Amino acid sequence: MSETTSAAISEHQGTLTTQQVVELTKKFNYGTWRFQKTWNPMHIADAEGCYFTDGAGKRYLDLSAQLMCVNLGHKNPAVIAAIAEQAEALAYAMPTYATEARAELSQLLLEVLPEGLTKFFFTTSGTDANEAAFKIARMYTGKTKIIARYRSYHGSTMASIAATGDPRRWAMEPVGGKGQGFLFAPEVNCYKCPIKHTYPSCGIACAEYLEHMIRNESDVAAVIVEPVVGTNGVLVPPKEYMPRLRQICDAHGVLLIADEVMTGWCRTGKWFAMDHWNVVPDILTTAKGITNAAIPLGLCATNEKIAAYFDDHFFSHGHTYEAHPLTLAPGIAAIQEMKRLKLAERATEMGAYLGEKLREIKPRHRSIGEVRGLGLFWGVELVKNQGKKNPFNTGEDKIAGKPLVVDRVAAKMMGAGVFIQAWMSHFVIAPPLIISKEEIDRGVAALDEALALADAEADA
Ligand SMILES: Cc1ncc(COP(=O)(O)O)c(C=O)c1O
């Protein structure tokens, strides 16, 4: 640990010991998506580049950029400086006003977003970017229903969780009352197709089924997709899927919403994942990497037709913190940094290397079902039986608070100083896009070793 790092740690710790930090956090805060009794949060004291440091000074390689959001690496100096400067210059202005940060970020967004997305609503997270998208879609089309897909996550607030296909939605259904009008289509998953087809002979049946749903439901305002499904397994669609989905939506006057909260900001080797298929959604939502996650900012970007509609119709949406100057200034700095570092190109190059390394270890592990990814966004799916492709654990296990095999593997990796995101029966590997080949080697070696735990439980 460098002297600067230890100085930073003692400064951050102030008068509290690590034990106090953990105990006070546990006692007075909710741990997300879990039973509270077993929550034992680690004290993070510092983070820089591809590493973070705990209260005892141990450094961890961050193989998932925390929540797949620190794309430029921790503590990017330009982003940090932009926050400090904006705080001095103008810390808050209500959304009614124009500010320099707002104007400058809007101009920059036009340079990087898929062409045609030209009107912006700024939020403070991914979930409220999606809330804005749903309200805008309903106001613009005058229709109600939103079709999402089963393997998806779109956020935790009421409409976004109602549009979420994964088990985090379940708790809201009987008690909280799921938001009205959200329906689910089969996801695109060529490794384990939910409708038991095989690509390419399937003719993208999962997209065709979506058209069947639109026809029979009527009143469909929009379809929302994660262009590459993130938390739910890094599912990359075949090349025909997005163009076909665009055609279907156009044919039925249904809006296409791309949720690029996780896939945006160079993660997949392009500014936005939709760029891989040259498909422009009607609405694009994003957050996370937009400020390198250093400040909470989300974005709901719409096309010109939608924008024009609201010239003469009441735009019935807003927040106190919409277009908050302190959130926008680091967005400008983050985009400039991504350009300077040629981050998309870097993600393509390092992503190919990471994919190669993951594929190399696959034959050694009977617990690995599939390795898949795009750019620096990779999933490793674990299975109990390679032939049957059945997972070690399911959504039911997660919600019941059962110990998961992937969590044990991740814990073993933490012991070796490598952090990885685990979900149900797979890992999401999405490091800061500045990661080096040596760091990738170290991360994959830790996974290779820890997977012995899963191999021991897989069928022979
Ligand atoms: C694809 C996707 N959409 C929406 C969200 C919600 O974003 P937030 O946690 O900022 O509300 C997430 C969060 O992980 C996400 O991955």
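Does histidine 43 count as buried or exposed, and at what relative accessibility?**Does histidine 43 count as buried or exposed?** In this predicted model, histidine 43 counts as buried, at 11% relative accessibility.

**Figure 1. Histidine 43 and its polar contact with threonine 18.** Histidine 43 has its place in the loop between helix H2 (18-28) and strand E1 (44-48). The side chain of histidine 43 makes a polar contact with the side chain of threonine 18, and the distance given for this contact is 2.9 Å. Histidine 43 counts as buried because its relative accessibility of 11% falls under the 20% cut-off.

**Figure 2. The residues around the ligand.** The shell consists of Ser125, Gly126, Thr127, Asn130, Tyr153, His154, Gly155, Glu226, Asp259, Val261, Met262 and Lys288. When these residues are sorted by class, three are nonpolar, six are polar and three are charged. Helix H6 (residues 126-141) supplies the largest share of the shell, namely three residues.

**Figure 3. Polar atoms of the protein beside the ligand.** A polar side-chain atom of aspartate 259 lies 2.7 Å from a nitrogen atom of the ligand, while a backbone N or O atom of glycine 126 lies 2.8 Å from one of the ligand's oxygen atoms. For tyrosine 153 it is again a backbone N or O atom that is involved, lying 3.4 Å from a nitrogen atom of the ligand. The ligand taken alone exposes 390 Å², and the protein buries 83% of that area.

**Figure 4. Cysteine 190 and cysteine 266, two residues without a disulfide.** The structure as a whole holds zero disulfides. For cysteine 190, the nearest cysteine sulfur belongs to cysteine 202 and is 6.2 Å away, which means that this pair does not meet the requirement of lying within 2.5 Å. Cysteine 190 is partly exposed, with a relative accessible area of 45%. For cysteine 266, the nearest cysteine sulfur is that of cysteine 69, at 15 Å, and cysteine 266 itself is buried, with a relative accessible area of 1%.

**Figure 5. Threonine 302 and the residues that it touches.** Threonine 302 has its place in strand E10 (residues 298-303). With a relative accessibility of 5%, threonine 302 counts as buried, because buried means under 20% relative accessible area. If residues up to four places away in sequence are not counted, threonine 302 touches Gly116, Leu117, Thr118, Lys119, Ile136, Asp282, Ile283 and Ala307.

Definitions and conventions: Residues numbered from 1 in each chain as written. Predicted model: local features only at pLDDT ≥ 70, side-chain atom pairs only at ≥ 80, totals over all residues. Heavy atoms only, no water. Near = heavy atom within 4 Å. Polar contact = N/O pair within 3.5 Å; in protein donor to acceptor, adjacent residues only side chain to side chain. Areas by Shrake-Rupley, 256 points an atom, 1.4 Å probe, with all protein chains shown as cover. Helix = DSSP H or I, 4+ residues; strand = E, 2+ residues; numbered from the N terminus. Nonpolar A, V, L, I, M, F, W, Y, C, P; charged D, E, K, R; others polar. Buried < 20%, exposed > 50% of the residue type's maximum accessible area, 1.4 Å probe, protein only. Contact = heavy atoms within 4.5 Å.
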